[in-house]
Amino acid sequence: MDTDQLKCFLAAADTLHFGRAARALDMLPASLGRQIKTLEARLDTPLFHRTTRAVSLTEAGQTILEDARHLVALSDAFEEKARAVRLTAGHPLRVGVIDSAAAGLMPQLLAHLRAEAPEIEVQLIEQKTMHLLPKLLSGSLDLAICRPPDVRDPKIVFRTLFFETAVVALPETHPLAARSEIRIEDLDDQDLIVPDRRSRPHSHDLTIKLFMDAGLTARIAQMAEEKHTIVNLVASGAGLAIVPRWTERLRVAGVVFVPLLTREGVTRSKLVLAAAWPQGARDPRRDQVLDVLERHLDEIEASA
């Protein structure tokens, strides 16, 4: 049985209008009519009463309607299962992540996946957002956990997950290191290490905007690209840094992390984290990973 013919039959049965049914299936009315006539010839019975004013189901059409829905649903499920097997057999689910998500989100998510979906094999690729997004479009990544850019490519779907909290990284001998929290005003005239804006625009702008909002100017002593480089520079006494809370997991000797206190309702002290995947790409494994992530999102966010 040709399921395309059944889909044409169902569309016409639901709308009782061949033109609207054809538009719903993105095909010409004449093509839809031919598919239905072929189905009627195969079944050797008319399925519709056609007049110049109306279309209605025959008794045979009404009788087979629910069976046709069931067959189409079975066919779609069959294709989805076969596609899932092909994807799983072909390669692991390739997930690109930025460094803070690699340190904080992924260890928690992978633990949940091992418990709830052990059949899904995940391959992690850690890079900056600017490198992850082109890989989604080229097909070399299936999913990314990243910072959504200010200008978003319509060929990529972005789902905001939550905001990462910013903390201050300081040498353990610094006078502010013993504080339970730090205000941005406490960092006035302090040497700062910030990421290069070309490679990490969100993290760079975070520091600059926090100071601007307080009527201050950030005193940039040095720029660096990688989080571990920034934290090691802090350990050397080169300056302080405002970083995502999950950076604490790098555990560099001689560095402490103190929460950054900001005004109520200000989100500039946080960094948005999003899941991203190619628009229109169907992947049941990716959807399953996102479902597991969604179920445990509050727990993971609490650590961010």
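1. Leucine 71 sits in helix α4, which covers residues 59–90; helices and strands here are DSSP runs numbered from the N terminus (H or I of at least four residues for a helix, E of at least two for a strand). With a relative accessible area of 41%, leucine 71 is partly exposed, on a scale where buried is under 20%, exposed is over 50% and partly exposed lies in between (1.4 Å probe, protein chains only). Before going on, please keep in mind that this is a predicted model, where local features need pLDDT of at least 70, side-chain atom pairs count only at pLDDT 80 or more, and totals for chains, interfaces and linings use all residues. Residues are numbered from 1 along each chain as its sequence is written, and side-chain values use heavy atoms, with hydrogens and water left out.

2. Leucine 71 also belongs to a nonpolar surface patch, which it makes together with Met1, Leu43 and Leu74. The area of this patch is about 360 Å², with accessible areas from the Shrake-Rupley method (1.4 Å probe; for residues, only the protein chains shown count as cover). Patch members have over 30% relative accessible area and no salt bridge; like charges are joined within 9 Å, and nonpolar side chains (Val, Leu, Ile, Met, Phe, Trp, Tyr) within 5 Å.

3. There is a charged patch to look at as well: Asp291, Glu294, Asp298 and Glu301 gather on the surface as a patch of negative charge. Asp and Glu count as negative, Lys and Arg as positive, while His and the chain ends are not counted. Each charge is placed at NZ of Lys, CZ of Arg, CG of Asp or CD of Glu. Helices α10 (284–295) and α11 (297–302) are the elements that give two or more residues to the negative patch. Glutamate 301 has its place in helix α11 and is partly exposed at 34% relative accessibility.

4. On to the ion pairs. Side chains of opposite charge can pair when their charged atoms come close. The model has 21 salt bridges, where a salt bridge is a side-chain nitrogen of Lys or Arg within 4 Å of a carboxyl oxygen of Asp or Glu. One of them joins arginine 50 to glutamate 40, with 3.1 Å between the closest N and O atoms. Arginine 50 is in strand β1 (residues 48–50) and glutamate 40 in helix α3 (residues 29–43), so this bridge ties together parts that are ten residues apart in sequence. Glutamate 40 is buried, with a relative accessible area of 10%, whereas arginine 50 is partly exposed at 38%.

5. Two further bridges are worth a look. Arginine 286 pairs with aspartate 287, and their closest N and O atoms are 3.0 Å apart. Here the arginine is buried, at 5% relative accessible area, and aspartate 287 is partly exposed, at 35%. Arginine 183 and glutamate 185 form a bridge too, with a closest N and O separation of 4.0 Å. Arginine 183 is partly exposed at 40%, and glutamate 185 is partly exposed at 39%.

6. Which residues are linked in a network of salt bridges? They include Asp99, Lys128, Arg200, Glu225, Glu226 and Lys227. Lysine 227 belongs to helix α9 (residues 227–235) and, with 7% relative accessibility, counts as buried. Setting aside residues up to four places away in sequence, lysine 227 touches Asp99, Arg200, Ser203, Pro244, Thr247 and Leu250, a contact being heavy atoms within 4.5 Å. Asp99 and Arg200 thus appear both in the network and among the contacts of lysine 227.

7. Lysine 7 is in helix α1 (residues 3–15) and is partly exposed at 30% relative accessibility. Apart from neighbours within four places in sequence, lysine 7 is in contact with Leu25, Val72 and Asp76. Its C-alpha atom is separated by 9.4 Å from that of isoleucine 36, although the two residues are 29 apart along the chain.

8. Finally, a backbone point you may like to check. Aspartate 26 is not a glycine, yet has a positive phi of about 60°. This residue lies in the loop between α2 (18–24) and α3 and is exposed at 74% relative accessibility. Aspartate 189, again not a glycine, has a positive phi of about 70°. The loop between β7 (182–183) and β8 (192–195) holds aspartate 189, which is exposed with a relative accessible area of 55%.
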